[in-house]
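Notebook, sheet topology. I wanted to look up strand order, pairing and side-chain facing before going further.

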Amino acid sequence: MALKPCKECKKEVSTQARKCPHCGVSYPTKNITQGCLVALILIVCIPFLVVQCAGNGSNESNSNTPKTAEEIRSDEIKKNFSVWDGSHIKLTKVIEESMHDPDSYEHIETRYIDEGKKLLVTTIFSGTNVYGGRVRSIIRAYTDTSTG
Ligand SMILES: [Zn+2]
């Protein structure tokens, strides 16, 4: 004999009971059974709704799929680099600040080696030096992917 909470007093009552022995309400578990039915219908309907949503925005659903650790990591690395020329954003700032003439900074190429917690970033750039001549320089720097 199954027990269910009474719709009035929430005390456990037999599903067979026509009257709640605690508060005397008739068919104390009836509404709750109906509630379960509604919940069941919802559970059956939800997958259909989800399928419809996925069908409407197939591109969006791809980006919502859970990412693997590798994907999260490569996203994290990408955040540190400029989408325009692939230069390391913070390293570029550091280079410009250290330069004699920051306006002459010209990014040539940036490469990186993923070393787990840190990235070894190699940036090739050119700029004018103290003597006014344009020089090509290579800078290697360790950067932290989480802090840049
Ligand atoms: Zn009751």
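Which residue in strand 4 is the bridge partner of Glu 109? I looked it up and found Ile 124. I note that the model is a predicted one.

Entry, the sheet. I find an open sheet of three strands in the order 3-4-5, with antiparallel pairing. Strand 3 (106–115) and strand 5 (134–144) are the edge strands, each pairing on one side only. I get an average turn of 15° between neighbouring strands of this sheet, direction ignored.

Entry, strand 3 against strand 4. Strand 4 covers residues 118–128, and nine bridges join it to strand 3 in an antiparallel run. Besides the Glu 109 and Ile 124 pair, I noted Ile 113 opposite Leu 120. The two strands form a hairpin with two residues between them. Gly 116, in that turn, has a positive phi of about 85°.

Entry, strand 4 against strand 5. I find 11 bridges here, and these strands also run antiparallel. Ile 124 has Ile 138 as its bridge partner in strand 5. This hairpin has five residues between its strands. Gly 132 in the turn has a positive phi of about 85°.

Entry, faces of strand 4. Which side chains of strand 4 point to the buried face? I list Leu 119, Val 121, Thr 123, Phe 125 and Gly 127, which point to one face and are buried. Lys 118, Leu 120, Thr 122, Ile 124, Ser 126 and Thr 128 point to the other face and are not buried. I add the general rule that side chains in a regular strand alternate between the two faces of the sheet.

Note on methods
Residues are numbered from 1 along each chain as its sequence is written. This is a predicted model: local features need pLDDT of at least 70, side-chain atom pairs count only at pLDDT 80 or more; totals for chains, interfaces and linings use all residues. Two strands pair if DSSP finds at least two bridges between them. Helices (H or I, at least four residues) and strands (E, at least two) are DSSP runs, numbered from the N terminus. Axes are lines fitted to C-alpha atoms, for helices over the stretch in contact, and angles run from 0 to 180 degrees between N-to-C directions. A residue is buried if 20 or more other C-beta atoms lie within 10 Å of its own, exposed if 12 or fewer, and partly exposed in between; C-beta atoms are placed from the backbone.
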